[in-house]
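Biologist: I am new to this one. Can you take me through the structure step by step?

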Amino acid sequence: YPYIPLYLNDCIIPQVESNDFNVNVLRLLIRENNSHADIHLPKELLCFKDFIMDNINYHRQYYSVNKDCFIYITVRTSNYDEIFYKNSTEWHIDGFQGSRIKRHIIEQDIFWCNKNPTQFLLQPMFCDNLNPSKHDINNFFESNAKDEYIIDTFANKVYLATPYNIHRVSKSHFDGNRVFVRLNFSPVEIEDFTN
């Protein structure tokens, strides 16, 4: 039974509105699994520094069970005609790694987007019989989703989500560049060649 994401606050990041802003990273590790470790940001991500630090502090206060997590950042910049992460327009969850690793506490994600924000699906999905070694749970969501369960979020707002939040990039038209940022707080290292 999915639930709505937790709204955290409003956030404006003015630097992303310039037409020459074009940063794209997928699950870039910015902190190792130690709550006292330094945060490492390349200069291209410094415009997100306050956003990152505010949300790391929030996470530390309210999710202390996962305080020694790995922290990753994803930034996606694209215009409507060139959304290169097309699979994100399909219903999916973040943090479900199938049978590749042992069970662990769930990760938390913090989302922000300057326009055309993420959509969430509040439809119950009964997937007890899916085998994570054989089946693609995201394909199951995509083929069973019903439009009447969609909720839209708002631009320039910060939301917290977990693997129980089925979501996708909205397919609505938008002008200019859409910048999406996700901070991922994972209790396990995410070993993926696409990082």
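Biologist: Start with one side chain. How buried is Phe-180, as a relative accessible area?

Modeller: Keep in mind that this is a predicted model. Buried means under 20% relative accessible area. Phe-180 falls under that cut-off, so it counts as buried, and its value is 10%.

Biologist: Which residue forms an edge-to-face aromatic pair with Phe-180?

Modeller: The two ring centres are 5.4 Å apart, with 65° between the planes. Planes over 60 degrees apart count as edge-to-face. One ring sits in strand β4 and the other in strand β9, 69 residues apart along the chain. The partner is buried, with a relative accessible area of 3%. The partner of Phe-180 is Phe-111.

Biologist: Which residue joins Phe-111 and Phe-180 in a cluster?

Modeller: The search of the whole structure finds seven aromatic pairs. Ring pairs link Phe-111 and Phe-180 into a cluster with one further residue, Phe-120.

Biologist: Now the strand that holds Phe-180. How many residues of β9 are buried?

Modeller: In a regular strand the side chains alternate between the two faces of the sheet. In β9, Arg-178, Phe-180, Arg-182, Asn-184 and Ser-186 point one way. Val-179, Val-181, Leu-183 and Phe-185 point the other way, and all are buried. The count for β9 is nine of its nine residues.

Biologist: How many bridges pair β3 with β9?

Modeller: β3 covers residues 70-78, and β9 covers residues 178-186. Ile-71 stands opposite Phe-185, and the bridge partner of Ile-73 is Leu-183. The two strands pair in the antiparallel sense, and the number of bridges is nine.

Biologist: Which residue in β3 is the bridge partner of Leu-28?

Modeller: Strand β2, residues 25-31, runs antiparallel to β3, and four bridges join them. The partner residue also has a bridge partner in β9, namely Leu-183. In β3, the partner of Leu-28 is Ile-73.

Biologist: Are the residues of β3 buried or exposed?

Modeller: Phe-70, Tyr-72, Thr-74, Arg-76 and Ser-78 point one way from β3. Ile-71, Ile-73, Val-75 and Thr-77 point the other way. The strand is mostly covered, at nine of nine residues. On both sides, all are buried.

Biologist: Which residue in β9 is the bridge partner of Asp-109?

Modeller: Strand β4 spans residues 108-113. Six bridges join β4 to β9, and the two run antiparallel. In β9, the partner of Asp-109 is Asn-184.

Biologist: Why is the pair of Tyr-80 and Phe-174 called edge-to-face?

Modeller: Tyr-80 lies in the loop between β3 and β4, and Phe-174 in the loop between β8 and β9, 94 residues apart. Tyr-80 is partly exposed at 31% relative accessible area, whereas Phe-174 is buried at 7%. The ring centres are 5.7 Å apart, and the pair is edge-to-face because the planes stand at 85°.

Biologist: What is the strand order in the open sheet of three strands?

Modeller: The edge strands are β6 (150-152) and β8, and each pairs on one side only. Strand β5 (residues 119-121) pairs with β8 over three antiparallel bridges, with Leu-121 bridged to Ile-166. The twist averages 30° from one strand to the next. The order is β6-β5-β8.

Biologist: How many disulfides does a search of the whole structure find?

Modeller: A disulfide needs two cysteine sulfur atoms within 2.5 Å. For Cys-11, the nearest cysteine sulfur is that of Cys-47, 10 Å away. Cys-11 counts as buried at 14% relative accessibility. The number of disulfides found is zero.

Biologist: Step back to the whole chain. What pattern does it follow along the sequence?

Modeller: The protein chain has two helices and nine strands. Among contacts between residues at least 6 apart in sequence, 88% join residues at least 24 apart. Read along the sequence, the pattern is β-β-α-β-β-β-α-β-β-β-β.

Biologist: What is the radius of gyration of the protein chain?

Modeller: The C-alpha trace spans about 45 × 40 × 30 Å along its principal axes. Of the 195 residues, 43% count as buried. A compact globule with 195 residues would have a radius of gyration near 16 Å, and the value for this chain agrees: 16 Å.

Definitions and conventions: Residues are numbered from 1 along each chain as its sequence is written. This is a predicted model: local features need pLDDT of at least 70, side-chain atom pairs count only at pLDDT 80 or more; totals for chains, interfaces and linings use all residues. Side-chain values use heavy atoms; hydrogens and water are left out. Buried means under 20% relative accessible area, exposed over 50%, partly exposed in between (1.4 Å probe, protein chains only). Two strands pair if DSSP finds at least two bridges between them. Rings of Phe, Tyr and Trp (its six-membered ring) pair if their centres lie within 6.5 Å; planes under 30 degrees apart count as stacked, over 60 as edge-to-face and the rest as tilted. Axes are lines fitted to C-alpha atoms, for helices over the stretch in contact, and angles run from 0 to 180 degrees between N-to-C directions. The radius of gyration is taken over C-alpha atoms; the globule rule is 2.2 Å times the number of residues to the power 0.38. Contact means heavy atoms within 4.5 Å.
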